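Biologist: Could you please take me through this structure, one topic at a time?
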Amino acid sequence: MGKPGEGYYIEVEIGSPPQTFNVLVDTGSTNFAIAGALDPNVETYFISLNSSTYTSHQKKVSVLYTQGFWDGELGNDMVYFPSLLAPQVRCDIAVIKTSHNFYMNGSQWQGILGLAYPVIARPDHGVVSWLQAIQHLKNHQSVAFALELCGSQDGGNRQTGLFEILETGIERTELWTSPIVREWFYELLLLGISIGNQTIDLPCRKFNTDKTILDSGTTSLMLPTEVFSMVVKLLNSSLMDLSVPISSDFLVLQKMYCWNDPVDWAHFPNISLSLAHFDNSYIVLELSPQSYIRKVSDDSELPGAQHCYKFFIESSKTGTVLGVVVMEGFRIVFNQSGKTIGFAESICGPAVSLSGPFETETDIKSCMNPTPLPSVSPLTVAAYVIAALTSMYGVLMGYVTCHWLWETYVKHKLPRSSSETSILNSN
């Protein structure tokens, strides 16, 4: 459950005896982290000294997000989610000591459950995430999980969803799948975007600069700057044709906009996202206006205005992020062993639709932006440099030693004759 715009959280028990918290369900990171110190934006925090099963790794850890960061200590403890059909496991935990713009005031969650791949874990990929701990318990079999985010009912202040751990290969719903192109974030390929019946005319690589990921920890649909500008341009064109009074600040700056009467959604176009399916085909996720324009309440509402909304498509400098506004209304299965993300229409959430597959003549591989995966840590780089220098020193010392042995012992014992020059030359 959760509050609109503040993510979805799930209850967790940590340590012995168990301490109970809520953690944000996040497919855009890997670390399991929990508040470990007083903070004005959290009601409670984990006290490691009160857990008999907590072990510290004596290692610092920090994670930087698009907005905000936290620093803490890495350790491990017993973790159990009462609402999941998953056993209690021991996994690594980052105990957060300091943070900035990480917690949300009143959001009711005190930590984060990262569900992405080990390669983006911090401080390194050796961290044992909760999902990895579950896999180890199942003899290293990959674990699939499903998210079904339902949003709020009638614009209320409470949203609900479903988080399930699945037996690999077992799914009750027929899914349209999109391949995971790289295993770090859940990276997909976005082939195109349409606003109503208008298609954005850009090379498909532009949509994936520098990547396209599916992230339940982000609310908005985030688009590269050039793509975002085209979306706003087409939306403005569409709304002008319908004579809908919309301020440019509403679309460009995501400022709240208020009307005295409820919005007539028929004035706003649907937005379609085309995702790669197989080598020569794609599927289409179609979002209704209620997905990307959300009703909000704020103390700054205009006098007399009762219906205030915000635009939840934003410009991004780090690639495309398919956030909660895209995920709500779909049942989405994250299948690491099959290297796919599966989509089906949900029975809850905003009115969305799924169609396809459709054939395409586009070379799908040309749509991928060749962003390198995270590099090794500075400590690892330093180790490689030291090893290289040591090897060079060893070679140099070997040469010096051999030269000394030759000059001292071998050369002086050779017979002094006219043949000495020929022997040395032949050598």
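The conversation below covers a sheet, the nonpolar cores and the salt bridges.

Modeller: Please keep in mind that this is a predicted model.

Biologist: Let us begin with the open sheet of five strands; what is the strand order?

Modeller: The order is S14-S13-S18-S19-S26, and the pairing is antiparallel. Strand S14 (198-199) and strand S26 (352-359) are the edge strands, each pairing on one side only.

Biologist: How many bridges join S13 and S14?

Modeller: Two bridges join them, in the antiparallel sense, and strand S13 covers residues 190-195. Within this pair, Ser194 stands opposite Thr199 of S14.

Biologist: Turning to the interior, which residues touch the most other members of the largest nonpolar core?

Modeller: They are Phe81, Trp130, Phe163, Ile193 and Phe343, in a core of 94 residues. Helix H3 (residues 225-241) contributes the most to this core, namely seven residues. Both domain 1 (1-141) and domain 2 (143-372) supply at least three residues.

Biologist: What does Trp130 touch, leaving aside residues up to four places away in sequence?

Modeller: Its contacts include Val79, Phe81, Leu84, Leu113, Phe163 and Ile165. There is also a second, separate core of 17 residues, with Leu24, Val61, Val63 and Ile96 among them. In general, nonpolar side chains tend to be buried together in soluble globular proteins.

Biologist: How many salt bridges does a search of the whole structure find?

Modeller: The search finds eight. In one of the eight, Glu226 is joined to Lys206, with the closest N and O atoms 3.2 Å apart. This pair links distant parts of the chain, since Glu226 lies in helix H3 and Lys206 in helix H2 (residues 204-207), 20 residues apart.

Biologist: Is Glu226 buried or exposed?

Modeller: Neither term fits: its relative accessibility is 40%, so Glu226 counts as partly exposed. Lys206 has a relative accessible area of 34% and is therefore partly exposed.

Biologist: What about Asp210 and Lys211?

Modeller: They also form a salt bridge, with their closest N and O atoms 3.4 Å apart. Asp210 is partly exposed, because its relative accessible area is 25%. Lys211 has a value of 10%, so this residue is buried.

Biologist: Which side chain meets that of Arg294 in a salt bridge?

Modeller: It is that of Glu328, at 2.8 Å from N to O. Arg294 belongs to strand S20 (residues 293-296), and Glu328 to the loop between helix H6 (324-327) and strand S24 (330-335), 34 residues apart. Both Arg294 and Glu328 are buried. Elsewhere, Glu148, Glu164 and Arg331 are joined into one network by salt bridges that share partners.

Note on methods. Residues are numbered from 1 along each chain as its sequence is written. This is a predicted model: local features need pLDDT of at least 70, side-chain atom pairs count only at pLDDT 80 or more; totals for chains, interfaces and linings use all residues. Side-chain values use heavy atoms; hydrogens and water are left out. Two strands pair if DSSP finds at least two bridges between them. Helices (H or I, at least four residues) and strands (E, at least two) are DSSP runs, numbered from the N terminus. A nonpolar core is a set of buried Ala, Val, Leu, Ile, Met, Phe, Trp, Tyr and Cys residues joined through side-chain atoms within 4.5 Å. Buried means under 20% relative accessible area, exposed over 50%, partly exposed in between (1.4 Å probe, protein chains only). Domain bounds come from an automatic or database domain assignment. Contact means heavy atoms within 4.5 Å. A salt bridge is a side-chain nitrogen of Lys or Arg within 4 Å of a carboxyl oxygen of Asp or Glu.
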